[in-house]
Amino acid sequence: MLKPKTLSQILGEANTGGIQSTLLLNSTGALLSYSGKGEGDGQVIAAIVSNIWSVYEESGQSALLEDKLNFLLLDCENGRVCVTRVADVLLCLYAEPWVGLGILKTKAEALAQYLDEPIHHIASS
Amino acid sequence: MIEDATSYMQSVLESYRKDGLHAIAVTDRDGVPLLKVADAEIPEHALRQNFLSTFGMATDQANKLGIGKNKLMVFAYSNIQIILFNKHPLLVTLIASVNANTGLLLKLEEQLHSLVSCISSLVDA
Amino acid sequence: MGCCCSTEDSSSLQDEPNAHTRLLQDPVSNSYQTGLNNSANEYGNSYGNSVAQKTDDQSAQYKVLQQIANKVIDVGALDCQTLEEHEYAERARVYAQSINKIHIPQSILRKKKPFLLMDVSNAERILSAPPISQADYNLMTAATENLSSAYHTIQVTHTKDLVVSLGKG
């Protein structure tokens, strides 16, 4: 199993330079781990983005013949969100609106790369 | 006049074709196109109404995240990326290669803004 | 479930609400009409000098319902919104006709070719000026290289193991 406190600390490493919170959630939007400010906001964001993700993953298969949605970036007036897949779960970063989409995506990729093996290990065991 | 607007969109598509852009669609919230240009590399279903209409719903859901109005979304699949600009009451959808320069394509919003604003009066908000 | 619209549809009282039950039907039409019906049933005869008050109450209720409806996120609707084919074709036809009639200024349609020095009055003086100093050039190069290496070293700092190996016995 994964150590919850260590997992939260790892997610928290991304919370610098305008990134408010980092979340790990399953495909149904349930929060698995969280690090950041204002947990209530994180849960709402997690639920909605997971729904958008799952619909577009399905749409991609039927309309685009694409097998995999890799990244989702959302730019809103008061914040930016980046979502990517790690094994069977979703990693979501929520940032201030002035944070560059590129750095947001890069941090998400770095976290996803680090968490991929442990989470795959747990999923397969 | 549609020929002028369409040929303008076609010229924009031609300008960015080498950067990996394959299609531009300006639609209402239900995915009904006002202007649509594409090259032959687009999968047939990518510009159908039932796929384009999901973007309108996704934008509406993203508006409820609690971080302000959604401005744009980027979906990156294995081979294709989709960039969506929320230009209420219209939606502008770009379909490009996943290796295309996303930052460059995001600048297209400025280039298309005037034309999209001009024709937005055709759609009920 | 006790929400403000639970009395609108009598069948909703009988059926158990589930994940697909819509709590709010169509706040634009249903609530206003139902509100009127309910008030007539509840109060019996509607007497004149309270009609204005009821209208205010109903419009306030309508506003509240509208606000709530705007915030409701209908997760079920995201993947099933498809127009009827004839409606789609009709709308596309209307749009095509309307775009034919709408006036789009030529200034928008004309493709603008970028002129790099169009706002520079004395181009020869600028172009013949000495280039940037070697020190500036070195600064730019060093800064760019540092940025590039910093970008490639963005990674998680490993401090503790994440996976707990559960010992046997």
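# Reasons behind the labels in a predicted model

Analyst: In this predicted model, chain C and chain B bury about 2600 Å² between them, with 68% of that area on carbon and sulfur atoms.

User: What makes this pairing of chains an interface in terms of residues, and how many of them take part on each side?

Analyst: The criterion is heavy atoms within 4.5 Å, and by it 28 residues of chain C are in contact with 29 residues of chain B. Salt bridges between chain C and chain B number two.

User: Why is the pair Arg91(C) and Asp28(B) called a salt bridge?

Analyst: The cut-off for a side-chain nitrogen of Lys or Arg and a carboxyl oxygen of Asp or Glu is 4 Å; the closest N and O atoms of Arg91(C) and Asp28(B) are 2.8 Å apart, so the pair falls within that limit. Salt bridges that share partners also join Asp28(B), Asp30(B), Glu87(C) and Arg91(C) into one network.

User: How many disulfides does the structure hold, and why is Cys76(A) not in one?

Analyst: Over all chains there are zero disulfides. A disulfide calls for two cysteine sulfur atoms within 2.5 Å, whereas the closest cysteine sulfur to that of Cys76(A) belongs to Cys92(A) and is 11 Å away, which is too far for a bond.

User: Is Cys76(A) buried or exposed, and what is the label for Cys118(B)?

Analyst: Buried means under 20% relative accessible area. Cys76(A) has a relative accessible area of 0% and is therefore buried, and Cys118(B), at 19%, also counts as buried because its value is under that limit.

User: Why is strand S3 of chain B described as largely enclosed?

Analyst: Seven of the eight residues of this strand, which spans residues 70-77, are buried, so the rest of the structure largely encloses S3(B). Its strand partners can be named as well: S3(B) runs antiparallel to strand S3 (residues 69-76) of chain A, the two being joined by seven bridges, and one of these positions sets Cys76(A) against Asn70(B). With strand S4 (residues 80-87) of chain B, S3(B) pairs in the antiparallel sense over five bridges, where Met73(B) has Leu84(B) as its bridge partner.

User: How do you know that S3(A) and S3(B) count as paired strands?

Analyst: Pairing needs at least two bridges, and seven bridges join S3(A) to S3(B), so the condition is met.

User: What lies between S3(B) and S4(B)?

Analyst: Two residues lie between them, and the two strands form a hairpin.

User: Where does the loop after S4(B) hold a cis peptide bond?

Analyst: The cis bond joins His88(B) and Pro89(B), with omega about 5 degrees. Pro89(B) sits in the loop between S4 and strand S5 (90-97) of chain B.

User: What makes the pair Arg80(A) and Asp75(A) a salt bridge, and are its two residues buried or exposed?

Analyst: The side chains of Arg80(A) and Asp75(A) meet at 3.0 Å, N to O, and because the limit is 4 Å, this pair qualifies. Arg80(A) has a relative accessible area of 14% and is buried, and Asp75(A), at 3%, counts as buried too.

User: Why is the salt bridge of Asp39(B) and Arg17(B) said to tie parts of chain B together?

Analyst: The closest N and O atoms of Asp39(B) and Arg17(B) are 3.1 Å apart. Asp39(B) lies in the loop between strand S2 (33-38) and helix H2 (49-63), while Arg17(B) belongs to helix H1 (residues 2-17), so the pair links parts of chain B that are 22 residues apart in sequence. Asp39(B) is buried at 11% relative accessibility, whereas Arg17(B), at 33%, is partly exposed.

User: What sets the arrangement of Arg93(C) and Glu90(C) within chain C?

Analyst: Both lie in helix H4 (residues 85-101) of chain C, three residues apart, about one turn of the helix, and their closest N and O atoms are 2.6 Å apart in a salt bridge. Partly exposed covers values between 20% and 50%; Arg93(C), with 41%, is therefore partly exposed, as is Glu90(C), with 40%.

Definitions and conventions: Residues numbered from 1 in each chain as written. Chains lettered and ligands numbered in written order. Predicted model: local features only at pLDDT ≥ 70, side-chain atom pairs only at ≥ 80, totals over all residues. Heavy atoms only, no water. Buried < 20%, exposed > 50% of the residue type's maximum accessible area, 1.4 Å probe, protein only. Helix = DSSP H or I, 4+ residues; strand = E, 2+ residues; numbered from the N terminus. Buried area = accessible area lost by both parts, 1.4 Å probe.
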